[in-house]
Amino acid sequence: MVQTPSTTSTPSDDESFVLIRRTEATGKWRSLICAEFEGAPSLYLTAEDWVDCGLKVGMRISVKQYADLERRSKVARALREALKLFEVRPRLEGELSRALLRKGWEREVIEGAMARLREKGLLNDEKLVRDLVDVWGGTRSRREIRAKLRSRGAPTALVTQALESCVDDEREREAALRLAEKSFRRAAGRLADVDERRILMRLVRKGFSPSLARWAVREAIRRLGEQEVDPRA
């Protein structure tokens, strides 16, 4: 049997490519640099990659160097995707990793992108968890805050630490009372006509203990009654 030569070939170690052009990327990869090569596909890189690798138009790139640039290009593009997600809202490491996995990025590439975000101070689970707990602590129960953060992939230890630091019993009482007063004001009818049980159950569903919910409802009625405020006002 006569064997025909293969039409595909693997680049040899001594093969090289010429970097022929540098342009600013547009569209999806804007803010990245498009490095064009003679004999190899173009790559998208960050400005830091360009400097770190000492790239210059006209220089020859070995196969090994090109492979490293390919890896950097994947990380740069995954980083760009991550920054677009951050434009919507800050992300925890776990939820960012899951989002990038859904977009088809490999775990090694994702870790490279997240390492760069950490270097820039944009990815810090401890700070983000603490900030969210501090903000939510004025309007939510500790149970609801814990559940919400765990659903976003926050580490249990960080959540517990932030709750102990930012939300004590008194602050949770204030949050329960605030929600009870808001519920009475939004209910139809005058204070005497509002179904207290519905508001009580709402507080319990929001994670407040039954005893705290009962106290908040009674205290809200007392305060609103003293002010003689129509709940709809």
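Let me begin with the strands, where strand 1 and strand 2, the latter covering residues 33-38, pair in the antiparallel sense over six bridges, and where E24 stands opposite I33 of strand 2. Strand 1, which spans residues 16-24, also pairs in the antiparallel sense with strand 4, residues 60-62, this time over three bridges, and within that pairing F17 has I61 as its bridge partner in strand 4. I should say at once that what we are looking at is a predicted model, and that every value I quote should be heard with that in mind.

Stepping back to the whole chain, we have 10 helices and four strands, and from the N terminus on the order of elements is β-β-β-α-β-α-α-α-α-α-α-α-α-α. The chain has 233 residues, of which 39% count as buried, and if we take the contacts between residues at least 6 apart in sequence, 60% of them join residues at least 24 apart.

Now to the helices, and to A82 in particular, which has its place in helix 2, residues 63-88. How buried is A82 in terms of relative accessible area? The value is 0%, so A82 counts as buried, and, leaving out residues up to four places away in sequence, A82 touches L96, L100 and L117. For those who like a backbone distance, the C-alpha atoms of A82 and S97 are separated by 9.0 Å, with the two residues standing 15 apart along the chain.

Helix 6, residues 142-151, gives us a view of how one helix divides between a buried side and an exposed one. Its buried residues include E144, I145 and L149, and because these cover an arc of only 125° around the axis, they fall on the same side of helix 6. The face turned away from that buried side carries R143 and S151, which are exposed. As for what covers the buried residues of helix 6, helix 5 and helix 7, the latter being residues 156-166, are among the elements that do so. Just after helix 6 comes G153, which takes a positive phi of about 90°.

Let me turn to charge, where, as a general remark, side chains of opposite charge can pair when their charged atoms come close. The count in this model comes to 22 salt bridges, and I will walk through three of them before coming to a network.

In the first one I have chosen, D169 and R142 meet through their side chains at 2.6 Å, N to O. This pair links distant parts of the chain, since D169 sits in helix 8, residues 169-186, and R142 in helix 6, with their positions 27 residues apart in the numbering. R142 has a relative accessible area of 25%, so R142 is classed as partly exposed.

The next pair is E219 and R223, whose side chains form a salt bridge at 3.1 Å, N to O, and here both residues lie in helix 10, residues 210-227, four residues apart, or about one turn of the helix. The two partners fall into separate classes of accessibility, for E219 is buried at 13%, while R223 is partly exposed at 33%. Elsewhere, salt bridges that share partners join D49, D68, R71, R72 and R116 into one network.

The last pair is E111 with R118, where the closest N and O atoms are 3.0 Å apart. E111 is partly exposed at 38% relative accessible area, and R118 is partly exposed as well, at 32%.

R118 brings me to the residue I would most like us to discuss, D125, which is found in helix 5, residues 125-136. Which side chain of opposite charge is nearest to D125, and how far away is it? It is R118, at 7.7 Å, and D125, although buried, has no salt bridge; the cut-off for such a bridge is 4 Å between the nitrogen and the carboxyl oxygen. What D125 does have is a polar atom of its side chain lying 2.9 Å from the backbone nitrogen of E93. Leaving aside neighbours within four places in sequence, the residues in contact with D125 are L92, E93, P155 and L158.

To close, I would set two charged residues side by side for the discussion: E219, which is buried and has a relative accessible area of 13%, and which forms its salt bridge with R223, and D125, which is buried yet has none.

Methods:
Residues numbered from 1 in each chain as written. Predicted model: local features only at pLDDT ≥ 70, side-chain atom pairs only at ≥ 80, totals over all residues. Heavy atoms only, no water. Buried < 20%, exposed > 50% of the residue type's maximum accessible area, 1.4 Å probe, protein only. Helix = DSSP H or I, 4+ residues; strand = E, 2+ residues; numbered from the N terminus. Pairing = 2+ DSSP bridges. Lys, Arg positive; Asp, Glu negative; His and termini not counted. Polar contact = N/O pair within 3.5 Å; in protein donor to acceptor, adjacent residues only side chain to side chain. Contact = heavy atoms within 4.5 Å. Arc of directions from axis to C-beta.
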